[in-house]
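Please open the two chains together in your viewer and keep a selection tool at hand. The tour goes from the interface to a patch on the surface.

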Amino acid sequence: MAEKTRSTDSRRASWTKTIWNIVETPITDLVQGRINPRSSIERRIDAQGFPEPLARALRLRLAVGWRRLFTSHRRRAALVDTLAETLRALAADDAIATTVAARIPTLLKRPWLTSSIVLPSPLDRLVEQVVRRTRLWKSESQDVAAELASHFSEGLAAGESPASLAEAFGDPQQAARLIRRAKLRNRPLRHRMLRRAMQALCLLALAVALFECLLIARFVLARPTITHNYLEDVNAVALRVPKSERAWPLYRSALVKLERPLPNWDPFADHSEDRERNDRKKATAYLVRNEPLLELVRQAAHKPHLGVVYGDPEDAAWRKVFRLKTADPFLGSPPLLINLGLAQVSDLRALALLLAADAIMAREAQDARRLRADVVALIEMAEQLSDHYPFSITDNISFSVFNMALKTTAETLATAPELFARDDLVELAHRVSAYRGGGRLRLRMDGEFAFVHDTFQHAFTDDGDGDGRLTPEGVKVLMDFPFGLLVPFEDLNRPQSDLSVPLAANVAAIVARRKELTDLAEHYFAEIERGRRGPMWEWAPIAVEEELIALTDDPLRRVRYAPLVQLLPAIESLPRIGEFYTQTRDALLTAIALELFHRRSGHWPKNLAELAPDLLPEVPPDRFTGRPLNYRVVNDKPLLYSAGADRDDDGGRPTEDNLSRFGRATMWHIRQLKPQKPLPVDGDWVLYPPVKRD
Amino acid sequence: MKIERELMRGAGPVAVLTLLKNGPMYGYELVSALSECSAGVLAMGQSTLYPLLYNLEAQRYVRPQWREAESGRRRKYYALTAKGEKRLAREVRQWQAVAEAMTTIGVLPRPLPVGG
């Protein structure tokens, strides 16, 4: 037990000693509150009452000069106290004082502080001053200190005065600087290289920091200059229309009163699944309950113009029930056009779906009047949507609504043609062919320019020549984009946090300047317009399609051209959309003509040429090949089809999945979010009778 | 006479190496020798000498060594290395060439012929 105690005590003493050794540094002088260790040691020496020779010697060794740079306050204080105790019993004697003083270096465990070097105070201070300023390693400092002390002691021994030695020394500051520089050259190569590398890194860091500060300042000070109110241009279309001729107020009234949520049922899907049948029952019941509102929608469709005025205070009630929870798009003066979201147009599509669903119900109930009314309302609604300011999205929705009318008519022709009287068919044919003035259907891109220019004026500075840099407001605009501008597509639905100012400044530095983006946008539009001017069968791949795809392939380019990436989503596919609806329209007109021919003659024509010019102005072309649309009679039913994207006539055999909204047979090359099967797909694009979608 | 710093920068190292050629010397001894041998022209303070010596040490032209003198004082002696001798020889040749050129131009007076 005793041995264990001794061992524990010994370990404790060893740890204590270690800790004291660590603590025993000049730094502890400050930590312990001794701001001026020198004066404290001096006071301690004075307080002990040493004989003057000893006190003087102790002051020189412990309280002044360069030696104290290398011994801690604690050690010196302990020495003073120990000497005081020991010498108290001794008589005051110069010899003893000198002997003791000479032993101090050894007692301090600093043998190189030789007793033979006793410098007068001015020289001692000079050595301390120079050595401190060199800021060298401890071993280097000690060497320099010893050498300088040695030099002065030689000088004193040679009979020179301290003053002359000090004068002859030169400028201590310069000396310290030169000594440091020279001693650094003496250090190992590895250290010198490391030092240079650290210096270079520090310089680089400083340069980067300075650059970042300038970048941030430049970014923070940037302000957009808004010069044009594009919203006024958009609203000018509707404001020209007398209020009595505007359809939107009636639509709005219906939307506000309609039960929410709207039925989740696609009237054009395959209804074989139980879930589908269940949804259909609910939809049927919904339509019955809301028939008066549907009638209001039909009345609205009869109006000659859509008449949506964005920012109309009378839309307040409708905005409350609007399904997308967006911020007020009319903040800012003038407001940002892209923030409108065109919710009114989106809701019209929802109403169109209700009409289409009602048309199917009417067909099944053999209610020809209601069926016809719904189809006509759909065509009229599609026309109204074309009356809107020419955004591609509104044109797209117009086409979509028009297509609902085409599909409904085509399905009825295929399954219950008797519901359409001859006059109904003739009227429908006229309405369908008159949609947007007939001819080739095209998505207008004029409105995209408005989006681009308006977004840029809200996001960039303006140097007066159409150029500028991205501003803090611009970063916010890009981050708040409805479709998530600076985030990956897969993060679209996640709320986006604001960028910090330094990060935003760097992002802004990467984003291309306004003029470059504007020029690029105009280039893309012009090239697409030029390359797609003719019909689809004359199309060839154009370079701009690959350029647009390349914008999103490289992460750096995606940030640099972020405004364009978001503002011009898949614009290379817009011309194809028009071709699709043109073909679909032509197919329905041909189907109507076939039906009329069949009713007149009792049989189907041998070829489509027999329909012209009485029932069809001319045989419509297959928009993939340019040849006449393909026609066959199968099982005593007419079959209309296009050769499809492979431009190969497969006799009307549909592709494996000729079921999607566009039909894979029609895909040219389309940019999708996920990888898809290689194109083109073998098979034909069956146009009539309609193929159900899965 | 105070010599221009640029001239001292070239002459100082050569002078020190020349003195060391005769044997190791310590700092104070070098200061004194420089002053006495050059009649004060090449006198330099310690703030100049010691950096010079450290530079020569870094370039491996001199080798330092602490020794204890008879008086008991410790001194740091500097001795010329083989590399330092080569450097000295090279410098001497250059100085001779410069002196000859200066003499030819007329900056330095021609030495009087020796003998009869």
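A salt bridge is counted here when a side-chain nitrogen of Lys or Arg lies within 4 Å of a carboxyl oxygen of Asp or Glu. This is a predicted model, in which local features need pLDDT of at least 70 and side-chain atom pairs count only at pLDDT 80 or more, while totals for chains, interfaces and linings use all residues. Residues are numbered from 1 along each chain as its sequence is written, chains are lettered from A and ligands numbered from 1 in the order in which they are written, and side-chain values use heavy atoms, with hydrogens and water left out.

Begin with the salt bridges between chain B and chain A, of which there are 4. Select Asp143(A) and Lys76(B), whose side chains meet in one such bridge at 2.4 Å, N to O.

Next, select helix H2 (27–37), helix H3 (46–58) and strand E3 (74–80) of chain B, the elements that give two or more residues to the side of chain B that touches chain A; helices (H or I, at least four residues) and strands (E, at least two) are DSSP runs, numbered from the N terminus. H3(B) gives the most to that side, with 8 residues.

Now widen the selection to the whole interface, where 21 residues of chain B are in contact (heavy atoms within 4.5 Å) with 28 residues of chain A.

Finally, turn to chain A and select Leu194(A), Met198(A), Leu201(A), Leu204(A) and Val208(A), which form a nonpolar patch on the surface (residues with over 30% relative accessible area and no salt bridge, nonpolar side chains being joined within 5 Å). Leu201(A) lies in helix H11 (residues 189–221) of chain A.

How values were computed:
Patches are made of residues with over 30% relative accessible area and no salt bridge: like charges are joined within 9 Å, nonpolar side chains (Val, Leu, Ile, Met, Phe, Trp, Tyr) within 5 Å. Accessible areas come from the Shrake-Rupley method with a 1.4 Å probe; for residues, only the protein chains shown count as cover.
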